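Visitor: Before I trust any labels, I'd like to see what we're talking about. Can you put it up?

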Amino acid sequence: MKSAISGLRERIKNKKVKIAVVGLGYVGLPLAIEFAKRGLFVVGIEIDRDRLAHLRRKETYITDVTSGQLQQVLAAGRFSAKGDFKCLKEIDVVIICVPTPLRRKYHPNISYIKQAVRAIARNMACGTLVILESTTYPGTTEEVILPLLEAGGRRHGKDFYLAFSPERIDPNNKDFPVHKIPKVVGGITKDATELASLVYRNIIEKVVPVSSPRVAEAAKLLENTFRLINIGMIDELAMMCHKMGIDIWEVIEAASTKPFGFMPFYPGPGVGGHCIPKDPLYLYWKARHHGFKSRFIKLASDVINYMPEYVVDRVLTLVKRENRQSAKTDKARILVIGVTYKKDVKDLRKAPPIDIIDVLQKKGVGVSYYDPLIPYLKMNHVDLKSIKLTKEELGNFDCVIIATDHSLLDYGFILKNSRMIFDTRNIYRNAKSDKVVRL
Ligand SMILES: NC(=O)c1ccc[n+]([C@@H]2O[C@H](COP(=O)([O-])OP(=O)(O)OC[C@H]3O[C@@H](n4cnc5c(N)ncnc54)[C@H](O)[C@@H]3O)[C@@H](O)[C@H]2O)c1
């Protein structure tokens, strides 16, 4: 294998290596395009027909990749998309970027990883380097993937190499595109770590090798647990400050003037996306198998999950007070503005505004939404359509909830024409209007 490994090493360094990216979503597509832009030959493997059809029409479906970038690498013959794994016979490096959702609360679902790895094992050539990027619990690479790849009698270090390298992409963050985010790499052996590090050095400014896959897996979960816990803490402080008549936003601004030992986090209506709400629960689950219960993760997760309900309670209390209504709020009309989980990203996974709409619907409150990125929604078997944001429409609502901010929104227009605004994003920090109530 010595000569095979040096051959692979040379091909990686000379950019002659052929790469397959399995799963062309928010993580996989930008990564595949980055390799192709830097002159490497990349095949993307995707099982979702709708996404494949977009790629065949040379159209993007991910904010971080433009159709122009896609067309360039397609035209240069450096990128192609396939719906099966047969091409792996010609491939040197396979990078797995498939989803890792929760099966139910606190229970990881790594079936997408297992399914992809089984298909890779059936098709890969001898000497292939396999890298997992999907976020998962510590131990997945060694305890689950390695046995699956060795099941047919292959041996690591002889017939293939395996490493874990967590993806840290932040969709739509223009300051940190793929190549500027340092990449942590942990292989089963030193050779595997070295080969995987060389692969990423072709596109990423800084590569950080670590001693094992489980360190790399745990590092990613530390990053996301750090965020979950701090967001849970500041959400709790926001609720506490409201009770105490203190403006949390001003408190954060003041505390942020400390030049060391403090990092601001901001409260919000919850946390969405395919990372923060669920990744720490992978760690929680795995720790339980070692007889350890993480109180921090559970508490932060519970506080954050309560936020949509808290927002609805505050809004309905305001509406009652404003309309001098009795206990009944089912006559109220509420507009939720911004329903994606994140600013300017067309992704509804675990989006808190969806939970807010759900809570309002279940309370029998008339709720509509507006989002320039999402024309239609299906909620509790009801089809909803984004309303037209006109002066007349805005005037019809008892309260407008700013749930997610978008660059496309005209906040001055919304303020001028709304009767009352509940601002969960601190958009109206400088507005001197008693129409605005902040979280
Ligand atoms: N979205 C983020 O911001 C982000 C950031 C860092 C890490 N991650 C992690 O990266 C992983 C991928 O996340 P994502 O947001 O890109 O998910 P995604 O759902 O957008 O993309 C995953 C893609 O994999 C495809 N897929 C599933 N099984 C497959 C198979 N067997 N073969 C080929 N394709 C298959 C799906 O059809 C989908 O298009 C997850 O583990 C996630 O936690 C996500």
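Visitor: What makes α5 and α6 a crossing pair, and how close do their axes come?

Guide: Their axes come within 9 Å and cross at roughly 35 degrees, with α5 spanning residues 111-123 and α6 residues 140-150. Axes are lines fitted to C-alpha atoms over the stretch in contact, and angles run from 0 to 180 degrees between N-to-C directions. This is a predicted model, where local features need pLDDT of at least 70, side-chain atom pairs count only at pLDDT 80 or more, and totals for chains, interfaces and linings use all residues. Residues are numbered from 1 along each chain as its sequence is written, and side-chain values use heavy atoms, with hydrogens and water left out.

Visitor: Is that crossing left-handed or right-handed?

Guide: Right-handed. That word applies if the near helix is turned clockwise from the far one by less than a right angle, and left-handed if anticlockwise.

Visitor: Which residues meet there?

Guide: I113, K114, V117, R118 and A121 in α5 meet T140, V144, I145, L148 and L149 in α6, contact being heavy atoms within 4.5 Å. They divide into seven nonpolar, one polar and two charged.

Visitor: And what about α10 and α11?

Guide: Helix α10 (residues 279-289) packs on helix α11 (residues 295-323) at about 145 degrees, axes 10 Å apart, and this crossing is left-handed. P280, L281, L283 and Y284 of α10 make the contact with I297, K298 and S301 of α11.

Visitor: Now the ligand: why is the E46 pair called a polar contact?

Guide: A polar contact is a pair of N or O atoms within 3.5 Å; within protein, one must be able to donate a hydrogen and the other to accept it, and residues adjacent in sequence count only if both atoms are side-chain atoms. A ligand oxygen is 2.5 Å from an N or O atom in the E46 side chain, so the pair qualifies. R51, at 2.7 Å from a ligand oxygen, has such a pair too.

Note on methods
Helix = DSSP H or I, 4+ residues; strand = E, 2+ residues; numbered from the N terminus. Nonpolar A, V, L, I, M, F, W, Y, C, P; charged D, E, K, R; others polar.
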